[in-house]
Amino acid sequence: MSTANGSLRPLPIAPADPAVFVGFGASGDLTRRKLVPALVNLRRTGALPAAFAFIAVIRQADVGKSLADDVLKAADEHLDSPLTQEERDWFLGRIGVVVGDVEQPILYADIAARLTELQASHGTGTNALFYLATPPQLFAPIAAGLGKAGLLDEAAAHGWRRVVVEKPFGHDLESAIALNRALSGVMEERQIYRIDHYLGKETVQNLMIFRFANSIFEPIWNRRYVDHVQITVAESDGIGTRGGYYDEAGALRDMVQNHLFMLLALTAMEPPISFDADAVRDERLKVLQAITPFTRAMVERDVVRAQYAAGRIKDADVRGYLEEDKVAPGSSTETFVALRLQVENWRWAGVPFYLRTGKRLAKRVSEIAVHFRQPPFMMFRDTAVRSLNCNVLVIRVQPEEGITLEVDAKVPGQALDLKTVAMDFKYDEVFAQTPSTGYETLLYDALTGDQTLFHRADSTEVSWRAVMPILEAWPSQSRPVCYAAGSWGPEEAHELLERDGRAWRRP
Ligand SMILES: NC(=O)C1=CN([C@@H]2O[C@H](COP(=O)(O)OP(=O)(O)OC[C@H]3O[C@@H](n4cnc5c(N)ncnc54)[C@H](OP(=O)(O)O)[C@@H]3O)[C@@H](O)[C@H]2O)C=CC1
Ligand SMILES: O=C1O[C@H](COP(=O)(O)O)[C@@H](O)[C@H](O)[C@H]1O
């Protein structure tokens with residue numbers, strides 16, 4: 001059974017169902033920086049139920065002693081305003097800790113006992129949301145442990161049981177299939193919430209509203225009017241402390257296969273027949289299925305992989321990727337990818353989609369730029385106007401969230417002169433509420449049983465299938481090319497568009 005999309009929720013927002021949140025990997029970075037702050041934000045907006053408790057599942061007993069205090073202290077740094085004493089006491093009174101080894105059945109018996117305890121003391125009822133914020137190789141063992149202990153059996157529990165699975169969802173197609181199989185062996189698809197925090201971002205959700213709640217864009221949203229689309233997710237940060245994970249993953253797995261493909265899917269999808277979760281996910285899936293498979297020749301020609309070298313960002317020297325902690329000597333892991341792909345369907349045949357993402361680029365900015373075709377020049381041919389610019393619609397995902405439409409206007413005066421001007425919508429000028437990190441929305445959706453903004457099993461596999469030919473071709477190709485930290489990527493990425501008579505937008 002599918003669920004209804006949260007975008008259609010009536011205001012004011014109702015508190016989610018009473019539940020216990022069971023966080024695996026609760027001593028980790030994600031819990032501190034994103035999950036706990038998101039839960040605090042949900043409570044601030046009245047979206048967290050009063051009957052709520054949090055079980056932190058960790059492996060080191062000594063960490064457990066101060067864990068509740070530590071995560072709240074860390075959360076403080078990621079909130080717009082620090083926790084009040086009332087909030088601190090509220091959360092402290094609701095956090096329980098369970099220590100153990102995720103491979104051992106006893107851990108799950110302890111979790112079950114703790115659940116019963118908290119259900120009684122906090123009146124949470126029997127709903128439980130299990131959140132897997134651990135290294136990915138533990139997702140399947142944890143699911144198996146939960147399954148064997150009967151913790152996912154909703155009939156026996158008399159309440160819902162849901163599992164949020166963090167990214168990366170697999171390392172390649174084969175491992176994604178295996179993980180889907182492991183999950184579906186112990187629970188129903190409707191219980192699985194594969195997270196992609198980009199889908200929770202306000203601006204990303206707004207893409208569907210922008211396209212389908214306004215009548216003026218849809219008629220021109222196709223190959224007749226669109227020349228090409230550019231999707232950029234640029235980061236100025238490097239890999240930080242995540243070298244161990246990143247060196248195994250690289251930008252294609254870390255960003256393209258999931259986040260950029262979701263931006264692509266939402267940009268290119270057909271209108272769903274409703275906001276029903278499966279109706280929306282069906283349409284996103286069809287876009288991924290329509291990506292023209294990459295041949296080796298296409299990988300060679302249309303995919304640029306690169307790695308950052310030392311450079312300067314914001315007036316500071318930064319080291320190159322190979323000097324980062326936990327990166328293998330001489331690693332050929334890419335920190336930048338630019339590619340050109342085609343969505344072969346009736347709407348988009350012949351329209352190139354250019355995607356690029358990278359670490360240590362000139363600035364942090366994510367945007368989708370839809371470049372429309374040029375108008376016929378005919379009317380201007382005997383005038384001083386030398387060329388016409390094409391209209392560009394830019395959806396700014398982050399930061400400075402908003403939407404800009406670039407149009408040509410006449411420069412005031414007697415001569416005929418044109419200038420490109422921007423019609424601008426900025427979230428922070430229109431709405432009091434600033435767009436969230438995405439985790440608030442996704443946690444609320446998981447707590448209310450809305451799967452729209454989560455990946456379904458089929459889409460994880462189809463997106464891996466699309467990138468596999470690239471991953472398979474790379475080892476036999478030359479090393480990634482270099483780009484200086486603080487730049488907009490390697491020259492080859494610019495050539496990718498120049499070859500087609502186009503250029504990347506400078507965000
Ligand atoms: N951090 C982020 O911004 C993002 C993270 N993610 C994903 O979230 C997940 C967690 O990431 P993150 O919090 O950064 O990772 P961390 O390495 O910071 O934390 C991992 C957590 O898992 C625990 N853990 C590690 N090994 C074991 C084990 N063998 N048995 C039991 N527990 C174990 C760690 O416990 P201990 O403290 O004892 O080591 C820690 O609590 C990953 O899948 C990551 O890809 C996704 C997007 C963004
Ligand atoms: O999933 C990931 O996303 C972040 C970028 O997220 P954003 O919300 O800050 O844009 C990226 O840095 C990280 O490498 C990747 O794993």
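This short presentation covers the ligand surroundings, the two domains and two buried elements of the structure.

Good morning. Please keep in mind throughout that this is a predicted model.

I shall begin with the ligands. The shell around ligand 1 holds 19 residues, and those that come nearest are Gly25, Ser27, Gly28, Asp29 and Leu30. Which helix gives the most to this shell? Helix α1, residues 29-44, does so, with three residues. Sorted by class, the shell around ligand 1 contains nine nonpolar, five polar and five charged residues.

Ligand 2 has a shell made up of Lys167, His197, Glu235 and Asp254. By class, three of the residues around ligand 2 are charged, one is polar and none is nonpolar.

I turn now to the annotation. In the unreviewed UniProt entry, the feature "binding site" covers Gly25, Ala26, Ser27, Gly28, Asp29, Leu30, Thr31, Arg32, Arg59, Asp101, Val102 and Lys167. Two of the annotated positions, Asp101 and Lys167, merit a separate description.

Asp101 sits in the loop that runs between β3 (95-99) and α5 (105-122). Is Asp101 buried or exposed? Asp101 counts as exposed, because 11 C-beta neighbours lie inside 10 Å and the limit for an exposed residue is 12 or fewer. Leaving aside residues up to four places away in sequence, Asp101 touches Arg59 and Leu107; Arg59 is itself among the positions covered by the annotation.

Lys167 is found in the loop between β5 (161-165) and α8. With 19 C-beta neighbours inside 10 Å, Lys167 counts as partly exposed, since a buried residue needs 20 or more. The contacts of Lys167, again without residues up to four places away in sequence, are Ile195, Asp196 and Asn258. As mentioned, Lys167 also belongs to the residues around ligand 2.

Next, the domains. The assignment for the chain gives domain 1 as 6-194 and domain 2 as 200-371 together with 458-498. Their C-alpha centres lie 30 Å apart. To the contact between them, domain 1 contributes 13 residues and domain 2 twelve residues. Which helix supplies the largest share of the side of domain 1 that touches domain 2? Helix α8, residues 173-184, supplies it, with four residues. That side of domain 1 consists of six nonpolar, four polar and three charged residues.

I close with two covered elements, starting with strand β2, residues 52-58. Seven of the seven residues of β2 are buried. In a regular strand, side chains alternate between the two faces of the sheet. In β2, Phe52, Phe54, Ala56 and Ile58 point one way, Ala53, Ile55 and Val57 point the other way, and all are buried. Strand β1, residues 19-24, runs parallel to β2 and is joined to it by six bridges. Within this pairing, Val22 has Ile55 of β2 as its bridge partner.

The second element is helix α15, residues 439-448, in which nine of the ten residues are buried. The buried residues are Tyr439, Glu440, Thr441, Leu442, Leu443, Tyr444, Asp445, Ala446 and Leu447. Against what do the buried residues of α15 pack? Their partners are β1, α1, β4 (128-132), β5, β6 (192-194) and α9 (197-200). One of these partners, α1, is the helix that gives the most to the shell around ligand 1. After α15 comes Gly449, with a positive phi near 80°.

Thank you for your attention.

Methods. Residues are numbered from 1 along each chain as its sequence is written. Chains are lettered from A and ligands numbered from 1 in the order in which they are written. This is a predicted model: local features need pLDDT of at least 70, side-chain atom pairs count only at pLDDT 80 or more; totals for chains, interfaces and linings use all residues. A residue is near a molecule or strand if its C-beta atom, placed from the backbone, lies within 6 Å of it. Ala, Val, Leu, Ile, Met, Phe, Trp, Tyr, Cys and Pro count as nonpolar, Asp, Glu, Lys and Arg as charged, and the others, Gly among them, as polar. Domain bounds come from an automatic or database domain assignment. Two residues are in contact if their C-beta atoms, placed from the backbone, lie within 7 Å. UniProt positions are given in the numbering used here, feature names are shortened, and annotations may be inferred rather than shown by experiment. Two strands pair if DSSP finds at least two bridges between them.
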